[in-house]
Amino acid sequence: MPTPGAPEIVRASLDGHRLVPVATALRDADGVVLHWSEDAERLLGWRADEIVGHFAAPLLTSDSNRPEVFELYESILAGRRWSGVFPVRHRDGHEVELDFRTYGITGPGGRPLVLATGSDVRALQQVEADLAVLDGYFTQSPIGMAVYDTELRFVRLNPALARINGLPVAEHLGRRIDAVLPGLNGTEIEAVMRQVLATGRPVVDARSYGRTPGDPRRDRAWSASYFRLADASGRVLGVSSSIIDVTERFQAEARAARAQERLTLLAEATARIGTTLDMQRTAEELVAAVVPKFADFATVDLLDPVLQGEEPGLLAPDQGVLLRAVAAGEAFGAGLTDVADAVGETTAYDSHRIYTKSLRSGRPMVVAHVDEPALRRLAPREERVAPGLAAGIHSYLLVPLLARGMVLGGAEFVRTRNPEAFSDSDVALAEELVARTAVCIDNARLYRRERDTALTLQRSLLPQEIHRTLGLEIAYRYLPSSVVSEVGGDWFDVVPLSCGRVALVVGDVMGHGIRAAATMGQLRTVARTLATLDMPPATVLARLDETATGIGEGQFATCVCAVYDPVDRSCTVASAGHLPPVVMGADGQTRALEVPPGVPLGVGGVAFENTEFTVPEGSILTLYTDGLVERRGEDIDHGINELCTTLAARGRTLEAHCDAVISTLVRGGSEDDVAMIMARALPVPRDRIATLPLTGEGPMPSLARRFTRRTLAGWGLAPLADFAELLVSELVTNALVHAGQPRRLRLFRDRALTEEVADSGGQTPRLRPAGSEDEGGRGMYLVNELAHRWGSRPTRDGKVVWAELELPLGTSPLGAGPPGS
């Protein structure tokens with residue numbers, strides 16, 4: 001089918017909206033109607049059955065017009081064609097002006113006939129007026145208009161569109177958009193028109209963009225609307241479009257879109273930067289936020305003093321900088337990460353480098369268009385210039401990290417694939433992001449410094465060395481919280497006591513930070529001092545409670561104190577609001593001890609209770625803080641049960657038990673400090689203890705002296721015999737005089753030689769003044785002078801008075817075999 005021309009398409013489109021009836025009539029030479037069309041019925045009101053076979057003149061013309069009609073009819077029969085306007089009478093009597101076309105034709109057998117067609121003059125005038133208006137609108141409209149055929153070729157366009165495109169009308173006709181305007185997004189435009197052709201649904205505000213011959217150096221944008229053209233029968237003829245230039249609006253929308261993108265990026269980055277108090281993690285968050293939305297490559301470098309937690313100083317004019325890379329990232333695999341400083345690598349910039357000048361001034365530095373000379377000024381080393389050019393670096397931005405007026409480092413941003421150079425708006429956005437990052441990094445630096453201070457204080461207050469204890473194997477673990485900003489007040493201590501006994505203390509100050517660590521140090525010092533005074537655990541906690549109350553309001557702590565005697569494997573425990581100790585028997589049975597929980601230290605005015613039990617040989621006693629067993633969202637009993645289950649495995653060393661508990665219960669770090677002591681009861685060697693019952697007849701002091709000399713000789717400690725005999729004699733005599741009857745003498749060899757005498761008296765021995773003429777009262781003065789230290793402790797049925805002598809230098813605590821009887 002041939003391509004319809006512009007007039008046909010336009011008229012067909014117009015006719016689709018306004019139909020003009022064309023009446024047709026056929027008459028013979030006598031004027032009898034032989035054929036009467038439907039349009040004739042509509043125009044004149046006569047039905048075909050009413051007029052066919054009748055003379056036309058009496059029905060269709062008035063008496064006054066009839067002579068003229070006959071004359072015209074005769075001339076037409078004679079072979080003359082006639083056209084013109086003539087009034088015809090309607091069936092209802094009024095006259096209708098018709099525009100006639102008449103043709104003389106020859107019928108069957110050479111019979112002359114007349115064919116007449118006519119249209120309502122008023123309808124034709126209206127159509128002509130409409131066409132004139134349409135043509136004027138099309139040619140005079142300032143809006144670009146075009147008509148395309150079904151192959152999307154131009155068939156008509158108005159002068160406005162020709163001016164927009166910068167080409168004459170003739171150069172468009174018969175050609176498609178790609179051929180006429182190769183600088184436009186022609187494929188997208190034709191896809192829209194094909195959719196309109198296929199569906200018949202108009203498309204409004206379809207965007208096209210690019211460059212035209214009329215403005216070849218400038219990108220422009222247009223808004224186009226498309227609708228399908230069809231004739232009255234529904235035959236598709238083509239597509240029509242109207243086009244307006246929206247370059248300014250498009251640019252404004254693009255600017256608004258970019259502004260919205262920057263705001264979105266700023267909001268997202270603000271939410272994700274500074275989620276932790278870790279300097280490197282914060283720098284990595286900045287890089288992740290800007291790549292690739294803002295830059296194709298980014299890196300963050302910090303001054304070395306900042307990474308050490310120190311205050312960065314002002315940069316002198318002749319001073320270079322030492323920077324360490326802490327984060328880097330790129331998009332599209334450009335390879336710049338391999339060229340730039342690796343994370344952890346340090347680079348020195350002298351005072352003349354652009355980087356140093358920017359840090360010194362505190363102002364950003366942007367190189368909108370990077371060429372080889374510019375890159376040589378930017379790169380710290382010559383060998384990085386060529387790879388940088390090969391990666392496509394074309395725009396560079398450096399923004400100093402400033403916090404509280406101090407320069408912490410710099411953030412670099414590079415564009416390779418992103419074709420746009422860094423603009424003033426980009427610089428402002430980068431400054432916002434970097435300022436946020438700098439504040440977070442500085443906060444992390446300050447928190448790290450505070451944490452390091454607290455950790456140093458905390459660790460200095462914890463035991464630096466755990467001395468071996470006779471009859472008890474000890475292992476311990478201390479894990480600081482995995483939360484960077486949290487330094488707790490957990491502590492543990494192992495306090496050697498007289499006669500080989502040992503005090504195990506574990507405590508937890510409520511709260512975190514330097515104050516909690518300082519409180520922990522005070523309580524640990526007081527607890528250690530009180531324990532060495534041979535106070536029972538409940539008494540120790542009572543005095544600690546007074547100390548905690550005096551430290552200040554709101555200073556609370558939990559604590560558990562246990563005193564173990566390796567000779568009879570007895571253990572006395574008291575608790576101040578702490579978690580119960582866990583005991584694993586030699587048979588592997590594990591349970592939490594039923595110890596009165598008490599109240600936390602610092603509450604004040606509440607008594608604490610002692611609980612005594614025996615620790616069988618091979619059993620393990622475990623004291624711990626809540627950081628080991630407490631988990632968010634879980635009942636603490638679950639953690640204690642898990643601890644018991646983990647300890648129940650037999651055949652492990654004590655250190656292996658500690659490792660198993662930590663690896664099982666402390667998964668992925670702990671939100672609180674963890675302090676734990678494990679103590680396994682061991683048999684005490686026979687050559688470390690010698691006991692003499694003091695219940696027989698005879699002079700007990702002399703009996704005790706002879707026993708002491710024999711024992712020390714057997715232990716290889718004969719040089720101490722004279723002092724030891726004298727001390728034993730005084731201790732036994734003092735018991736006879738002031739306590740009625742001594743019960744037992746025990747010699748204990750460990751880090752010192754301990755002599756203890758048990759009696760049934762409740763009065764604590766003390767130094768009393770004695771006159772020059774007094775016969776007694778000087779025994780304890782003598783003990784005080786000879787002993788390295790001495791003291792007493794209460795027991796269930798009396799007390800024990802003891803004194804220690806230091807072992808000679810070079811004497812092994814492991815002596816010879818047991819002494820003789």
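## Exercises on a predicted model

Buried residues account for 47% of the 821 residues in this protein. The model is predicted.

**Exercise 1. How many helices and strands are in the protein, and how much area does the protein expose?**

Step 1. Take the secondary structure: 24 helices and 31 strands.
Step 2. Take the surface: about 39,100 Å² is exposed.
Step 3. Split that area by atom type. Carbon and sulfur atoms supply 52% of it.

**Exercise 2. Find the largest nonpolar core and the helix that gives the largest share of it.**

Step 1. Count the members: the largest nonpolar core has 60 residues.
Step 2. List the residues with the most contacts inside this core. They are Phe-294, Val-300, Tyr-396, Leu-401 and Phe-413.
Step 3. Trace the source. Helix 17 (residues 424-461) gives 9 residues, the largest share of this core.
Step 4. Look for a separate core. Another one lies apart, with 46 residues, including Val-505, Val-560, Val-595 and Val-615.

**Exercise 3. Which residues does Phe-294 contact, leaving aside neighbours within four places in sequence?**

Step 1. Apply the cut-off: heavy atoms within 4.5 Å.
Step 2. Read off the leucines, phenylalanines and alanine: Leu-265, Leu-397, Phe-413, Phe-422, Leu-429 and Ala-430 are among the contacts of Phe-294.
Step 3. Add the others: Arg-415, Asn-418 and Asp-426 also touch Phe-294.

**Exercise 4. Describe how strand 8 (residues 203-212) and strand 9 (residues 215-230) pair.**

Step 1. Get the direction: strand 8 and strand 9 run antiparallel.
Step 2. Count the links: 7 bridges join strand 8 to strand 9.
Step 3. Pick one pair. Gly-210 has Arg-220 in strand 9 as its bridge partner.
Step 4. Close the turn: a hairpin connects strand 8 to strand 9 through 2 residues.

Methods
Residues are numbered from 1 along each chain as its sequence is written. This is a predicted model: local features need pLDDT of at least 70, side-chain atom pairs count only at pLDDT 80 or more; totals for chains, interfaces and linings use all residues. Side-chain values use heavy atoms; hydrogens and water are left out. Helices (H or I, at least four residues) and strands (E, at least two) are DSSP runs, numbered from the N terminus. Buried means under 20% relative accessible area, exposed over 50%, partly exposed in between (1.4 Å probe, protein chains only). Accessible areas come from the Shrake-Rupley method with a 1.4 Å probe; for residues, only the protein chains shown count as cover. A nonpolar core is a set of buried Ala, Val, Leu, Ile, Met, Phe, Trp, Tyr and Cys residues joined through side-chain atoms within 4.5 Å. Two strands pair if DSSP finds at least two bridges between them.
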